[in-house]
Amino acid sequence: MSEFRVGMGVDAHAFSEGVALVLGGVAIESSRGLAGHSDGDVIAHALIDALLGGAGLGDIGALFPTGEPEWKGASSLDLLRRAVAQVRDAGWELVNADCILIGEEPWIAPLREQMRERLAEVVGADPERINVRATTTDRLGFTGRGQGLAAQAVALLERRAVAGGSEAK
């Protein structure tokens with residue numbers, strides 16, 4: 001019998017002038033990026049939290065504390081890679097993930113496939129198992145006023161079977 005768990009992640013960052021904008025592991029041409037201790041990639045951060053939450057391993061802040069100099073300016077894909085390793089070490093595998101960017105800009109449709117491929121490569125999944133999409137808030141709230149971006153992600157995890165037919169514990 002298979003065991004499944006669902007995790008949900010949420011992240012938000014304010015825009016900041018002169019900072020690179022990285023979303024879903026893809027650098028996007030923009031005069032402003034997202035303020036954060038790492039590169040501020042809200043899509044990757046939400047996915048990290050979804051994975052950790054589904055595996056019962058806490059959250060991104062516990063794994064990569066903001067006050068730690070080691071994570072200053074870190075690539076969120078590197079953080080995602082480390083989180084995935086912990087999830088696997090705990091006996092879980094990603095089945096699929098759905099990531100949603102929330103904001104009025106940028107328009108990510110032309111970069112969606114590149115984001116899916118980047119994220120899929122890091123989590124070790126087929127790109128068809130990683131969905132990236134976007135929505136606006138019809139100009140409501142901080143994302144609607146163009147003050148920042150938010151993201152949500154949901155991840156379905158399955159307990160990994162080990163040799164001999166027993167499940168990882």
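**Close-up views of a predicted model**

**View 1. The loop between β6 and α5, with D138 and R139.**
With a relative accessible area of 66%, D138 is exposed, because a residue counts as exposed when this value is over 50%. As in every view that follows, the atoms shown belong to a predicted model. D138 is found in the loop that runs between β6 and α5, the latter covering residues 141–144, and its phi is near 50°, which is a positive value in a residue other than glycine. R139 lies in the loop between β6 and α5, and for R139 phi is near 70°, again a positive value in a residue other than glycine. R139 has a relative accessible area of 59% and is therefore exposed. As background for reading these angles, most residues other than glycine have a negative phi, and most peptide bonds are trans.

**View 2. The peptide bond between E105 and P106.**
The bond that joins E105 to P106 is a cis peptide bond, with an omega of about 0°. To find this place in the chain, look at the loop between β5 and α4, where P106 is found.

**View 3. An open sheet of five strands.**
In this sheet the strands follow the order β4-β1-β7-β5-β6, and their pairing is mixed. As a general reminder, strands of a sheet pair through backbone hydrogen bonds, either parallel or antiparallel. Which strands stand at the edges of the sheet? They are β4 and β6 (residues 130–135), and each has a single partner strand, so one side of each is left without a neighbour in the sheet. From one strand to the next, the twist averages 25°.

**View 4. Strand β1 and its pairing with β7 and β4.**
Strand β1, made of residues 4–17, pairs with strand β7, made of residues 148–159, in the antiparallel sense and over eleven bridges. Within this pairing, H13 of β1 has L149 of β7 standing opposite. Strand β4, which covers residues 32–34, is joined to β1 by three bridges, and these two strands also run antiparallel. Two pairs of residues can be picked out between β1 and β4: F15 stands opposite L34 in β4, while E17 has R32 of β4 as its bridge partner.

**View 5. Helices α3 and α4 where they cross.**
In general, two packed helices are described by the angle between their axes and the distance between the axes. For helix α3 (residues 76–89) and helix α4 (residues 112–123), the axes come within 8 Å and cross at roughly 40°. The two helices are therefore oblique to each other, and their crossing is right-handed. On the side of α3 the contact is made by L77, L80, R81, V84 and R88, and on the side of α4 by R118, L119, V122 and V123. Sorted by kind, the residues of this contact comprise six nonpolar, no polar and three charged.

**View 6. Helix α4 with helix α1 and with the sheet strands β5 and β6.**
The axis of helix α1 (residues 42–55) comes within 12 Å of the axis of α4, and the two cross at roughly 40°. This crossing, too, is right-handed. I43, L47 and L51 of α1 make the contact together with M115, L119 and V123 of α4, and these residues divide into six nonpolar, no polar and no charged. Helix α4 also lies across β5 and β6, and it runs at about 140° to β6.

**View 7. Surroundings of L51 in helix α1.**
Is L51, which is found in helix α1, buried or exposed? Its relative accessible area is 2%, and L51 is buried because this value is under 20%. Apart from its neighbours within four places in sequence, L51 is in contact with L80, V84, V87, L94, V123, A155 and L157. As a further point of reference, L51 and H13 are 38 residues apart along the chain, and their C-alpha atoms are separated by 20 Å.

**View 8. Surroundings of C99 in strand β5.**
C99 lies in strand β5, which is made of residues 92–102, and at 1% relative accessibility it counts as buried. If residues up to four places away in sequence are not counted, C99 touches I43, L47, N131, V132, R133, Q152 and A153. V87, twelve residues from C99 in sequence, is 18 Å from C99 in space, C-alpha to C-alpha.

Terms used: Residues are numbered from 1 along each chain as its sequence is written. This is a predicted model: local features need pLDDT of at least 70, side-chain atom pairs count only at pLDDT 80 or more; totals for chains, interfaces and linings use all residues. Side-chain values use heavy atoms; hydrogens and water are left out. Axes are lines fitted to C-alpha atoms, for helices over the stretch in contact, and angles run from 0 to 180 degrees between N-to-C directions. Helices (H or I, at least four residues) and strands (E, at least two) are DSSP runs, numbered from the N terminus. Angles under 35 degrees count as roughly parallel, over 145 as roughly antiparallel, 65 to 115 as roughly perpendicular and the rest as oblique. A crossing is left-handed if the near helix is turned anticlockwise from the far one by less than a right angle, and right-handed if clockwise. Contact means heavy atoms within 4.5 Å. Ala, Val, Leu, Ile, Met, Phe, Trp, Tyr, Cys and Pro count as nonpolar, Asp, Glu, Lys and Arg as charged, and the others, Gly among them, as polar. Two strands pair if DSSP finds at least two bridges between them. Buried means under 20% relative accessible area, exposed over 50%, partly exposed in between (1.4 Å probe, protein chains only).
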